[in-house]
Amino acid sequence: MRPVLQLTPERFDELKAFLTEHGFSFETRPHQVFLARKGMAVVNLYTNGKIVFGGSDSTLIEEVETFVKSLGAIPVE
């Protein structure tokens, strides 16, 4: 299971720009800033700053996870 990460709101736009550059499409969902999807990878960014990863494309998810951590995101319970 992938960790849930916490990102500060000041970095939300940088995450969205990164995902856009990597070809993700975006959906609007309740209580979320966005849900980003590309193939078999999903990135959920909630309004409280929590990021939840899903899908089976572990290579792409790991790439996004590494970028998110470079923005200062920290694991949460």
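Which residue in S4 is the bridge partner of Ala36? Keep that one in mind; the exercises below get you there.

**Before you start**

You're working with a predicted model, where local features need pLDDT of at least 70, side-chain atom pairs count only at pLDDT 80 or more, and totals for chains, interfaces and linings use all residues. Residues are numbered from 1 along each chain as its sequence is written, and side-chain values use heavy atoms, with hydrogens and water left out.

Helices (H or I, at least four residues) and strands (E, at least two) are DSSP runs, numbered from the N terminus.

**Exercise 1. Work out how the strands are arranged in the sheet.**

Step 1. Start with the pairing rule: two strands pair if DSSP finds at least two bridges between them. In general, strands of a sheet pair through backbone hydrogen bonds, either parallel or antiparallel.

Step 2. Go pair by pair. S2 and S3 are antiparallel, with three bridges, and Glu27 sits opposite Leu35 in S3. S3 and S4 also run antiparallel, joined by six bridges. Here's the answer to the opening question: Ala36 has Val43 in S4 as its bridge partner.

Step 3. Carry on from Val43, whose bridge partner in S5 is Phe53. S4 and S5 are antiparallel and joined by five bridges. Strand S1 (residues 4-6) pairs with S5 in the antiparallel sense over two bridges, and Leu5 has Ile51 in S5 as its bridge partner.

Step 4. Put it together: you get an open sheet of six strands in the order S2-S3-S4-S5-S1-S6, with antiparallel pairing. S2 and strand S6 (74-76) are at the edges with a single partner strand each, so one side of each has no neighbour in the sheet.

**Exercise 2. Find the positive phi angles in the hairpin turns.**

Step 1. Look at the hairpin of S2 and S3, which has four residues between the strands; His31 in the turn has a positive phi of about 65°. His31 does this although it is not a glycine. Is His31 buried or exposed? Buried means under 20% relative accessible area, exposed over 50%, partly exposed in between (1.4 Å probe, protein chains only). His31 comes out at 66% relative accessibility, so it counts as exposed.

Step 2. Move to the hairpin of S3 and S4, with two residues between the strands: Gly39 takes a positive phi near 55°.

Step 3. Finish with S4 and S5, a hairpin with three residues between the strands, where Gly49 in the turn has a positive phi of about 95°.

**Exercise 3. Describe the two faces of helix H1.**

Step 1. List the buried residues of H1: Phe12, Leu15, Phe18 and Leu19. Seen down the axis of H1, these fall within an arc of 130°, so they line one face of the helix. (The arc is that of the directions from the helix axis to the C-beta atoms.)

Step 2. Check the other side of H1, where Asp13 and Glu21 are exposed.

Step 3. Ask what covers the buried residues of H1: the cover includes S2, strand S3 (32-38), strand S4 (41-46), strand S5 (50-55) and helix H2 (58-70).

**Exercise 4. Work out how H1 and H2 pack.**

Step 1. Two packed helices are described by the angle between their axes and the distance between the axes. Axes are lines fitted to C-alpha atoms, for helices over the stretch in contact, and angles run from 0 to 180 degrees between N-to-C directions. Contact means heavy atoms within 4.5 Å.

Step 2. Read off the values for H1 and H2: an angle of about 150°, with axes 11 Å apart.

Step 3. Classify the angle. Under 35 degrees counts as roughly parallel, over 145 as roughly antiparallel, 65 to 115 as roughly perpendicular and the rest as oblique. H1 and H2 are therefore roughly antiparallel to each other.

Step 4. Name the residues that meet: Glu14, Leu15, Phe18 and Leu19 in H1, with Glu63, Val64, Phe67 and Val68 in H2.

**Exercise 5. Place Phe24 and Glu65 in the picture.**

Step 1. Phe24 lies in the loop between helix H1 (12-21) and strand S2 (25-27). Phe24 has a relative accessible area of 6%, so it is buried. Its contacts, leaving out residues up to four places away in sequence, include Leu19, Ala36, Val43 and Val64.

Step 2. Glu65 is in helix H2. With a relative accessible area of 8%, Glu65 is buried too. Leaving out residues up to four places away in sequence, Glu65 touches Arg2, Pro3, Leu5 and Phe53.
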